[in-house]
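Grab a pencil and work through these exercises with the structure open beside you. Each task comes with a solution that goes step by step.

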Amino acid sequence: MAEPILTVKNLQKHFGAKNNPLKAVDDISFHVMPGETLGLVGESGCGKSTTGRTIINLYDKTGGEVEFDGRNNDRLSRKEQKQFHQKLQMIFQDPYASLNPRMTVFEILEEGYDIHKLYKKKKERRERIYGLLESVGLNREHANRYPHEFSGGQRQRIGIARALSFDPKLIIADEPISALDVSIQAQVVNMMKNIQKERGLAYLFIAHDLSMVKYISDRIAVMYKGKIMEIGDAADLYERPVHPYTKSLLSAVPQPDPHSEKDRRRISYDADMHEYTEDEELELRDFGNNHLVYCSKKEYDSWKA
Amino acid sequence: MMNEPILQMKNLEIDFKTYAGTVKAVRKVSFDVFEGETLAIVGESGSGKSVTNQAIMKLLPQPPAIYAGGEILFGGSNILEKSEKQMERIRGNEISMIFQDPMTSLNPTMKIGKQITEVMLKHKKISSGDAKKRALELMDLVGIPNPKKRLNQYPHEFSGGMRQRVVIAIALAADPRLLIADEPTTALDVTIQAQILEVMKDVQKNSRTSIIFITHDLGVVANVADRVAVMYAGEIVEIGSVDDIFYNPQHPYTWGLLGSMPDMNADKKEELRTIPGSPPNLVDPPRGDAFAARNPRAMKIDFEKSPPMFEAGKDHYAKTWRLHPAAPKTEVPEIIRNRYMQYNGGDQ
């Protein structure tokens, strides 16, 4: 079996005072395989975006390890650091805020090459950037325009083109489609899937729209209050959720089907229901088929049955 | 269920003057709202759904907005002819509105209790003691726990979901006949969204208030709506019962919307169906069917002449030439045929 492209071990990110920190990411571990999509879902404030930002070093982590492409993130030479920043890229939620309004599309896409001193020959660089635009369904005429001349969906394409500029191995996509209209969402998602097929890159897809996440992801991790509650194959997790939080989350998603909506019963979740005692050890336990659930030994025995 | 409509919109037209020219944002929109029903209005951003509904409250600043034609009949008289003073008696009293963002629609410097009672004290002959009592009832109704204590708190002490409940309580304070909810759950998490939708449905059951529910989320529409109007490029392109729209849709744009959303059972190997292109520029709207340029099944007439509303069934209308008796049979996408199969109680 191949090595994971990204391995996250006991990652922690705390904010605020040391004696009473807010544990935004609280000791989570997971991995992403080359060419796969891992969906990271949860409600606002659960720590999913912080996880993505900490992995890519936008935040300094409080503890734990991030291993990308076989190398530990803490022990990189300068050269390897550069490599890390090229091969791990990010797409942001807001296509309006994530592009500099005073730069043309060409300048936006060129900036990274300037920083990394790549494709220095003018002609070579131009061809490269035109190629990027074409791979996201735009064309070379768009290169000299400014971001305000584009619609939301087109801007998100520019953001994706920028993320692709160094042939990354992994893209962290933080709610890349939440700000777009339904029909445009579908265009962007199809494009992301096609690019993945062509280039074999992996996605960490952070989102709260559970239907779209199920559609795009191979595996899914559900976060709640800084911890991963459940992680498993997308279909398995949706059809056989184990953790009560996952069940509650799935039961809340409205479906475009009035008949099933009429009889839908929402399951509510209360973290106190577990009644954990002090001495119980809570961890992700294996329910088979790579389906892991955060629970106590007692719960494991009863849920497994 | 159908009785007299409480609101009738007839051929409403709204223009906006901009530097780029006059934008025809709403183009002859007509619909009725009946007592006790929920009418959902769906459409993408820029389709005119919010502008249409802001016109009901006469909230659009003029200029740049121009009410270019049509009328909105509420209680027998035309809202568009009312003075600002008359409108003040209607807003928050007979018609009230819930906005998308619960973070910005409350006054941060005013206690919650005062924000709820303010509406009643303004519009009703009621003592402040009774208003407070009623506020407590309302908070209870929308599911705010511990209302006595919460009454004296400020908005920042409430979570997003709780704030939206407060906004709903304020909207209901004067027993409005019509509640306009503009994307009321879009900013909320799914679990909170589900709770708010339940609150709104409960409230409606008890009060017979009519609701216009504006959203782009078809899942939410399926959950709350009795009837649905689909808007595209400033026009209503299809209107019917929720079952008509979801199981017997007739307009190609409605097909596109339903097709581009993966449901939880979607097959992953299949590509999502997308609607190619983007909506037309409404400074110079297309001469024919506004959706023709994005419709792979468009006919010649679609580009030449704007279609009228054709009757597709009882109380079900669609603005597409494919329903013209002389039109050739168009091929229906598979995903929509599958929906037709779920439709019991009607032919195709």
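**Exercise 1. Place Ser210(B) in its chain, and decide whether it is buried or exposed.**

Solution. Keep in mind that this is a predicted model.
- Step 1: find the element. Ser210(B) sits in strand 8 of chain B, which covers residues 210–215.
- Step 2: check the accessibility. The relative accessible area of Ser210(B) is 0%. The cut-off for buried is under 20%, so Ser210(B) is buried.
- Step 3: list the neighbours, leaving out residues up to four places away in sequence. Ser210(B) touches Ile6(B), Val33(B), Phe34(B), Glu35(B), Gly36(B) and Glu37(B), among others. Its contacts also include Arg177(B), Leu178(B), Leu179(B) and Gln204(B).

**Exercise 2. Glu35(B) forms a salt bridge: with which residue, and what does the pair tie together?**

Solution.
- Step 1: find the partner. Glu35(B) pairs with Arg208(B), and their closest N and O atoms are 3.9 Å apart. The cut-off is within 4 Å, so the pair counts as a salt bridge.
- Step 2: locate both ends. Glu35(B) is in the loop between strand 2 (21–34) and strand 3 (38–42) of chain B, while Arg208(B) is in the loop between helix 7 (190–207) and strand 8, so the bridge ties together parts 173 residues apart in sequence.
- Step 3: look at exposure. Glu35(B) is partly exposed at 33% relative accessibility, and Arg208(B) is partly exposed too, at 42%.

**Exercise 3. How far apart in sequence are Asp130(B) and Lys133(B), and which helix holds them?**

Solution.
- Step 1: Both residues belong to helix 4 of chain B and are three residues apart, about one turn of the helix.
- Step 2: recall the geometry. An α-helix has 3.6 residues a turn, so residues three or four places apart point the same way.
- Step 3: look at the side chains. Those of Asp130(B) and Lys133(B) meet in a salt bridge at 3.9 Å, N to O.
- Step 4: compare exposure. Asp130(B) is partly exposed at 39%, whereas Lys133(B) is exposed at 53%.

**Exercise 4. Which residues of helix 3 of chain B are buried, and what do they pack against?**

Solution.
- Step 1: Helix 3 covers residues 112–123, and its buried residues include Ile112(B), Gly113(B), Gln115(B) and Ile116(B). Thr117(B), Val119(B) and Met120(B) are buried as well.
- Step 2: The buried residues of this helix pack against helix 4 (128–141), helix 5 (147–150) and helix 6 (160–172) of chain B.

**Exercise 5. Describe the interface of chain A and chain B, from its area down to its salt bridge.**

Solution.
- Step 1: count the residues. Contact involves 36 residues of chain A and 41 of chain B.
- Step 2: take the area. The two chains bury about 3400 Å² between them, 54% of it on carbon and sulfur atoms.
- Step 3: find the charged pair. The rule gives one salt bridge across the interface, where the side chains of Glu198(B) and Arg266(A) meet at 2.9 Å, N to O.
- Step 4: add the polar contacts. Eight residue pairs, both at pLDDT 80 or more, are in polar contact between the chains.
- Step 5: ask which elements of chain A contribute. Helix 6 (182–199), helix 7 (210–216), helix 8 (234–239), helix 9 (244–251) and helix 10 (258–262) each give two or more residues to the side that touches chain B. Helix 6 of chain A gives the most, with nine.
- Step 6: sort that side by type. The chain A residues there divide into 16 nonpolar, 10 polar and 10 charged.

Definitions and conventions
Residues numbered from 1 in each chain as written. Chains lettered and ligands numbered in written order. Predicted model: local features only at pLDDT ≥ 70, side-chain atom pairs only at ≥ 80, totals over all residues. Heavy atoms only, no water. Contact = heavy atoms within 4.5 Å. Buried area = accessible area lost by both parts, 1.4 Å probe. Polar contact = N/O pair within 3.5 Å; in protein donor to acceptor, adjacent residues only side chain to side chain. Helix = DSSP H or I, 4+ residues; strand = E, 2+ residues; numbered from the N terminus. Nonpolar A, V, L, I, M, F, W, Y, C, P; charged D, E, K, R; others polar. Buried < 20%, exposed > 50% of the residue type's maximum accessible area, 1.4 Å probe, protein only.
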